Amino acid sequence: MKKLIIGSLVGGLLIFIWQTLSHVAFNLHEPVQQYTAKQDSILTYLNKQELAPGGYILPRMSHNQSMEELEGFTKSIAGKPWARVIFYPSYKTDMTMNMIRGFVLDVFMVFLLVWIISKLKIPRRSTIVGVSVVIGLIAFCNTSYTEHIWYPVYDLRAQLIDAVVAWGLCGLWLSRYFAQKN
């Protein structure tokens with residue numbers, strides 16, 4: 001039980017540190033966090049619209065339209081600009097709970113990985129690293145890449161790097177901590 005807890009805590013910490021480096025030190029996600037000099041006027045306009053907190057795709061039809069109206073609408077917007085807007089009515093600068101929740105989630109994910117490793121007959125180092133990276137790739141494909149298929153994201157490369165590096169580092173740690181040598 002002690003190995004399980006230590007493995008999960010250290011592995012979760014490694015993923016958390018990589019996430020921090022990726023976003024803060026290396027700024028890999030800049031393409032989805034760009035500055036615009038028009039931010040004040042955009043935010044003022046959005047705030048005046050009294051939007052509910054949430055995500056919006058512009059343009060979009062209301063839900064009560066006929067199939068003919070949908071077809072006409074689809075033709076009318078083809079080739080024109082569109083946007084995804086995520087609206088928050090209030091900016092919160094205190095990141096304490098976000099960081100705590102993020103770290104706890106990272107530890108939980110590594111706990112699940114350690115559970116998978118515990119089910120392996122002979123947990124060799126290369127297998128542990130491989131399983132860890134595969135889990136990172138599955139998570140990337142299921143979330144980031146699937147989103148990109150439908151709504152192109154501009155930091156897809158960074159998200160792939162995050163999946164491979166974070167889970168690779170975690171796998172290297174766990175392989176040294178749990179495995180028999182190859």
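Angles between helix axes under 35 degrees count as roughly parallel, over 145 as roughly antiparallel, 65 to 115 as roughly perpendicular, and the rest as oblique. I start there because the word oblique is needed for the first helix pair. One caution before that: this is a predicted model.

The first pair is H1 and H4. H1 covers residues 2-25, and H4 covers residues 96-118. Their axes come within 7 Å and cross at roughly 130 degrees. H1 and H4 are therefore oblique to each other. The crossing of H1 past H4 is right-handed. On the H1 side, the contact is made by Leu4, Gly7, Ser8, Leu9, Gly11, Gly12, Leu13, Ile15, Phe16 and Gln19. On the H4 side, the residues are Met99, Gly102, Phe103, Asp106, Val107, Val110, Phe111 and Val114. Sorted by type, the residues of this contact are 11 nonpolar, six polar and one charged.

H4 also meets H5, which runs over residues 125-150. What angle do the axes of H4 and H5 make where they cross? Roughly 135 degrees, and the axes come within 11 Å. H4 and H5 are therefore oblique to each other, and their crossing is right-handed. H4 brings Leu113, Ile116 and Ile117 to the contact, while H5 brings Ile128, Val131, Ser132 and Ile135. Of the residues in this contact, six are nonpolar, one is polar and none is charged.

Now a word on the record. An unreviewed UniProt entry carries the annotation "transmembrane region" for residues 99-116, 128-146 and 158-179. In the model, residues 99-116 are 100% helix and 0% strand, with the end C-alpha atoms 26 Å apart. Residues 128-146 are likewise 100% helix and 0% strand, and their end C-alpha atoms are 26 Å apart.

Next, the backbone. Most residues other than glycine have a negative phi, and most peptide bonds are trans. Here are some exceptions.

Asn27 sits in the loop between H1 and H2, the latter being residues 39-48. The phi of Asn27 is positive, near 50 degrees, and the residue is not a glycine. Is Asn27 buried or exposed? Neither word fits: with a relative accessible area of 34%, Asn27 is partly exposed.

Glu50 lies in the loop between H2 and S1. Glu50 is not a glycine either, and its phi is positive at about 55 degrees. Glu50 has 71% relative accessibility, and the cut-off for exposed is over 50%, so Glu50 counts as exposed.

The third exception is a peptide bond. Leu58 and Pro59 are joined by a cis peptide bond, with omega about -5 degrees. Pro59 is in the loop between strand S1, residues 54-58, and helix H3, residues 67-77.

Leu58 and Pro59 come up again with Trp82, the last residue I will discuss. Trp82 is in the loop between H3 and strand S2, residues 83-87. Which residues does Trp82 contact, leaving aside neighbours within four places in sequence? They are Ile57, Leu58, Pro59, Tyr151 and Pro152. Trp82 has 46% relative accessibility and counts as partly exposed. For scale, Trp82 and Ala158 are 76 residues apart in sequence, and their C-alpha atoms are 23 Å apart in space. Ala158 is at the start of the annotated stretch 158-179 in the UniProt entry.

That is what I have.

Methods. Residues are numbered from 1 along each chain as its sequence is written. This is a predicted model: local features need pLDDT of at least 70, side-chain atom pairs count only at pLDDT 80 or more; totals for chains, interfaces and linings use all residues. Side-chain values use heavy atoms; hydrogens and water are left out. Axes are lines fitted to C-alpha atoms, for helices over the stretch in contact, and angles run from 0 to 180 degrees between N-to-C directions. Helices (H or I, at least four residues) and strands (E, at least two) are DSSP runs, numbered from the N terminus. A crossing is left-handed if the near helix is turned anticlockwise from the far one by less than a right angle, and right-handed if clockwise. Contact means heavy atoms within 4.5 Å. Ala, Val, Leu, Ile, Met, Phe, Trp, Tyr, Cys and Pro count as nonpolar, Asp, Glu, Lys and Arg as charged, and the others, Gly among them, as polar. UniProt positions are given in the numbering used here, feature names are shortened, and annotations may be inferred rather than shown by experiment. Buried means under 20% relative accessible area, exposed over 50%, partly exposed in between (1.4 Å probe, protein chains only).
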